[in-house]
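Okay, everyone here? I'd like to walk you through one model this morning, so let me put it up on the screen.

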Amino acid sequence: MDLQKPDFQKQDLQKRDLQQRAAPAASEFRASDAERDRIAGILHDALAEGRLTADEHAERVDGVLRAKTVGELEVFIRDLPAAHHQGPGGPSRAQVPHRPIADVVPADPDDNVVAVFSGAVRKGRFRAGRRIHAYAVFGSVEIDLSEALFDHQQVVIKSFALFGSVDVRVPENVSLRGTGGGVLGSFEVDALDSDEPDAPVVYVDGWAVLGSVEARPRRGRLVADIFDRVQRKVDKSLRKHLGH
């Protein structure tokens, strides 16, 4: 007896086969800024470990910035060990580099916060630029990013305190790094690693001369933009689909 599958089952199998053929491979997906930063971070570590020369690093970083898809990004780390480290849930997440990635953050500041024999404050709902310069000379500067809007993956705060203080606060779901020093003063940054793969990274750099520079997370404050960006993209796609 020849058993035949019902027509509706054949149609269902054919439909699934067409869907699988039409679905793009993961390597064909458009690359995000977070994925570019992850690859650039691996290249930065490879340079520090001596696996890449300075020229090779510069060439690959330039390629990363120009890459359009995930597959194009992976080409630049294919010969590096970090690209093949796997965890239980898939590829391991790259560690946040201690220094900002070259050529990603501009040399000129988007905002200057200056306090000379006075006080200056930046806080509330404002857009954080890629680079902020803070100068405290016989004064105090407060930069509170706990309610800020982050449009960029990396934010650098260059701080100079001369007989003054620079106080930086960040949400507790971003990553925080610091590189600086004190001359008869204190430079203290509480390093922080976010669990969110798309979380911004705030780098605090500079010097404290007979003064202080401090950067710490503000507990209980979360930057909502990490999640809002996703929701805005969904809403935009939905409005486009509905013709609004």
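**Sheet, salt bridges, patch**

Let's begin with a strand pair: β10, residues 165–171, runs parallel to β14, and 7 bridges join the two. Before I go on, this is a predicted model, where local features need pLDDT of at least 70, side-chain atom pairs count only at pLDDT 80 or more, and totals for chains, interfaces and linings use all residues. Residues are numbered from 1 along each chain as its sequence is written, and side-chain values use heavy atoms, with hydrogens and water left out.

A word on terms. Strands (E, at least two residues) and helices (H or I, at least four) are DSSP runs, numbered from the N terminus. Two strands count as paired if DSSP finds at least two bridges between them.

Back to that pair. Across from R169 you'll find R216 in β14, and V166 has V213 as its bridge partner in β14. On β12, F187 stands opposite V213 of β14. β12 and β14 are also parallel, joined by 4 bridges.

Now zoom out. What is the strand order of the open sheet? There are 5 strands, in the order β4-β7-β10-β14-β12, with parallel pairing. β4 (119–122) and β12 are the edge strands, each pairing on one side only. From one strand to the next the twist averages 10 degrees; for that, axes are lines fitted to C-alpha atoms, for helices over the stretch in contact, and angles run from 0 to 180 degrees between N-to-C directions.

On to charges. Side chains of opposite charge can pair when their charged atoms come close. The rule for a salt bridge is a side-chain nitrogen of Lys or Arg within 4 Å of a carboxyl oxygen of Asp or Glu, and by this rule the count comes to 12.

Staying with β14, R216 and E188 meet in a salt bridge at 3.0 Å, N to O. R216 is in strand β14 and E188 in strand β12 (residues 186–189), so this pair ties together parts 28 residues apart in sequence. R216 and E188 also belong to a salt-bridge network with D190 and E214.

Another β14 residue, R218, forms a salt bridge with D144, with the closest N and O atoms 3.2 Å apart. That links distant parts of the chain, since D144 sits in strand β7 (residues 140–144) and R218 in strand β14 (residues 212–218), 74 residues apart. Is D144 buried or exposed? Buried, with a relative accessible area of 8%; the cut-offs are under 20% for buried, over 50% for exposed and partly exposed in between, with a 1.4 Å probe and protein chains only. R218, at 28%, counts as partly exposed.

Over in the helices, E74 and R38 form a salt bridge, closest N and O atoms 3.0 Å apart. E74 lies in helix α4 (residues 70–74) and R38 in helix α2 (residues 33–48), so the pair ties together parts 36 residues apart in sequence.

Last stop, the surface. A nonpolar patch of about 1100 Å² includes V114, F138, W207 and V183. Patches take residues with over 30% relative accessible area and no salt bridge, joining like charges within 9 Å and nonpolar side chains (Val, Leu, Ile, Met, Phe, Trp, Tyr) within 5 Å. Areas are Shrake-Rupley with a 1.4 Å probe, and for residues only the protein chains shown count as cover. β3 (111–116) and β9 (154–162) each supply at least two of the patch residues. V183, in strand β11 (residues 175–183), is partly exposed at 41%.
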